[in-house]
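Grab a coffee and work through a few short exercises on the model below. Try each task yourself before you read its solution.

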Amino acid sequence: MKVKQVMLENPRTLHRSKTLRDASEVYKQTKVNCAPIVDDENNVVGILTVFRLLEALENGATFATRVDVVMDRNLQIIDEDTCFSEICHKPIDRLVIFNQKQKLTGVLTRIDLINKVHRALENTEDKLAEAFETNQRLRSIIEASYDGIIVVDSQGVVQMVNSSYFRLQDSSHDPAGTSLEQIPLDCHDDVIKVFQEVMQQGKVAFARYQGENLSELTITGSPILDDQNSPVHVVISLHDFTELNQLRLQSARYSEELKSLRTKNQKDLIFHDTAMERVVKKALRVSEVDSTVLITGESGVGKEVIARTIHRNSPRAEGPFIEINCGAIPEHLLESELFGYEKGAFTGANKEGKPGMMELANGGTLLLDEVGDLPLNLQVKLLRALQEQEIYRIGGRTAVKLNVRILAATNKNLEQMIAEKKFREDLFYRLNVVPIHIPPLRERKSDILPLSMHFLEKFNNKYNFHRLFSSEVFKLFEQYPWPGNIRELANLVERLIIMSEQETIYPDQLPPTFFGKPSTSPLQISIDEIIPLKEAREQVESELIVKALKQYRSLRRAGDALGVAHSTLLRKARALGISVEE
């Protein structure tokens with residue numbers, strides 16, 4: 001029997017820039033417990049297992065962490081034509097399988113192998129000798145595992161355990177032939193729960209057990225399915241995390257805080273930076289009450305997103321969320337937009353009159369965006385409306401009672417405007433009950449990568465593309481000051497995805513602003529005679545490439561200096577006849 005007969009063929013891969021959340025989705029969709037990690041050239045550079053993902057999360061990683069940060073780089077690679085007998089004695093956890101052309105064709109894990117060998121046993125009952133040999137191989141694989149393994153049939157009877165089981169349980173009693181219910185395991189209840197969940201759902205199930213003296217186990221149940229996809233056996237793995245407990249305890253508070261934020265299901269909020277985390281926590285806390293909130297920050301930082309988060313998590317979530325941009329509406333129309341008007345109030349007015357934004361927001365939330373642009377005469381009327389919780393439509397004599405939660409946002413310095421007599425101090429204090437300041441993107445660089453990946457996925461899905469960013473692009477993203485903040489990042493990612501003619505986006509496709517200001521002393525080119533432009537371009541490119549390679553002595557560093565990917569530089573150099581060492 002050859003390895004290719006038992007391997008998982010054409011496994012689903014993950015690009016190294018993907019996140020742990022992406023890996024989790026792959027596990028759920030494909031019902032596998034590991035995935036090879038590939039680079040921009042589709043070369044296998046690592047592998048990520050479910051166990052490694054859980055361990056990373058225990059050590060403080062988040063679902064936004066890139067897979068190449070936590071992946072296992074110690075690859076065990078074998079040829080698909082290798083005889084199984086040559087590897088069955090090895091302590092197999094996972095193997096990466098290549099063909100003779102050194103291309104990835106499959107992976108082989110302990111659980112996958114158990115599944116395939118078990119099916120082989122069922123289909124070859126009349127070949128007793130072969131079945132016996134396969135069974136021995138199965139036992140060798142299970143025995144080689146460092147995890148404790150319990151193989152249970154569909155009736156809950158233990159078929160076998162490996163030696164690691166006795167080490168973890170500190171017992172010499174062999175439970176084979178005994179009901180799983182009767183085994184005196186410390187983690188008995190969790191093991192039974194995992195077994196029952198696998199039998200009911202036919203898919204992998206997990207549980208954690210924490211005992212005395214800081215002992216902790218991760219319990220994984222994996223089904224062995226028949227031809228009708230019904231579980232006939234369950235392989236229960238006991239992975240010991242006791243040595244990691246100290247780190248787990250240190251990160252427990254952070255994990256709980258992260259969990260509580262995720263339970264809020266903030267789909268519009270992508271962040272990793274601790275300063276932004278404080279902003280979100282403050283927004284979620286103030287959402288529970290009706291206090292007025294003043295949200296400040298540069299243009300494009302996400303003030304409206306925070307406002308919507310407050311509304312969505314408030315008791316007013318079922319009510320309307322009305323937004324009015326105080327700087328986008330002409331002054332002579334702003335009052336009628338804000339307060340509404342009665343029929344016949346002025347020339348051109350709607351015959352039936354019209355409710356204003358404050359009235360439409362009754363029972364919900366009103367966002368006064370760019371409140372710093374509100375004219376002084378309307379600031380007085382707004383202050384009265386906030387204090388009295390009632391308004392009068394233009395031309396109206398009857399007060400309209402309000403039940404509105406007010407949020408205000410601005411990118412201006414209102415305190416400076418107060419000093420310049422451009423904003424009322426009393427209105428400022430009425431709005432500034434709970435201030436929330438959103439830092440610019442350049443001050444929370446750890447958010448740039450998660451946001452970039454979020455927008456990449458969003459616009460790939462929108463336009464049905466499969467674009468990727470090279471690692472050099474991510475580095476330039478983190479170095480760029482982003483004067484337009486998140487809005488600028490989103491617009492740039494969308495533009496790059498639309499305009500790119502290749503799957504991977506390299507630095508040479510970025511705007512010139514990403515490479516600093518042009519030199520004040522540009523290269524002087526001497527022209528002695530007229531030559532074709534193509535020949536001139538090739539001469540200049542050749543001189544620049546030779547100069548860059550000589551100075552930096554590295555394809556990647558020279559490419560960065562010239563603003564092109566190292567693969568592009570290599571291609572150009574070869575086309576121009578320049579000798580390059582890869």
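Before we start, one cut-off: a residue counts as buried under 20% relative accessible area, as exposed over 50%, and as partly exposed in between. Keep in mind, too, that this is a predicted model.

**Exercise 1.** Work out whether arginine 316 is buried or exposed, then find its salt-bridge partner and say what the pair ties together.

*Solution.* Start with the accessibility: arginine 316 comes out at 10%, so it counts as buried. Next, look for the partner, which is aspartate 290, with the closest N and O atoms 2.9 Å apart. Now place both residues: arginine 316 sits in the loop between α10 (303-312) and β14 (321-325), while aspartate 290 is in the loop between α9 (274-286) and β13 (293-296), so the pair ties together parts that are 26 residues apart in sequence. Last step, check aspartate 290: its relative accessible area is 44%, so this residue is partly exposed.

**Exercise 2.** Find which side chain meets arginine 442 in a salt bridge, and how many residues apart the two are.

*Solution.* The partner is glutamate 298, at 2.4 Å from N to O. Arginine 442 belongs to the loop between β21 (434-437) and α16 (448-463), and glutamate 298 to the loop between β13 and α10, so this pair links distant parts of the chain, 144 residues apart. As for accessibility, arginine 442 is partly exposed at 34%, and glutamate 298 is partly exposed at 27%.

**Exercise 3.** Take the salt bridge between lysine 401 and glutamate 390, and decide for each residue: buried or exposed?

*Solution.* First the contact: the two side chains meet at 2.7 Å, N to O. Then the location: lysine 401 is in strand β19 (residues 400-401) and glutamate 390 in strand β18 (residues 390-391), 11 residues apart. Finally the numbers: lysine 401 has a relative accessible area of 57%, so it is exposed, whereas glutamate 390, at 11%, is buried. For the wider tally, the structure holds 21 salt bridges, and bridges with shared partners join Arg16, Arg66 and Asp68 into one network.

**Exercise 4.** Describe how strands β3 and β4 pair, and explain why β4 is largely enclosed.

*Solution.* β3 (residues 34-38) and β4 run antiparallel and pair over five bridges; in one of these, cysteine 34 is matched with threonine 49 of β4. The two strands make a hairpin with five residues between them, and asparagine 42 in the turn has a positive phi of about 65 degrees. Now count along β4 (residues 44-49): five of its six residues are buried, so the rest of the structure largely encloses this strand.

Terms used. Residues are numbered from 1 along each chain as its sequence is written. This is a predicted model: local features need pLDDT of at least 70, side-chain atom pairs count only at pLDDT 80 or more; totals for chains, interfaces and linings use all residues. Side-chain values use heavy atoms; hydrogens and water are left out. Buried means under 20% relative accessible area, exposed over 50%, partly exposed in between (1.4 Å probe, protein chains only). Helices (H or I, at least four residues) and strands (E, at least two) are DSSP runs, numbered from the N terminus. Two strands pair if DSSP finds at least two bridges between them. A salt bridge is a side-chain nitrogen of Lys or Arg within 4 Å of a carboxyl oxygen of Asp or Glu.
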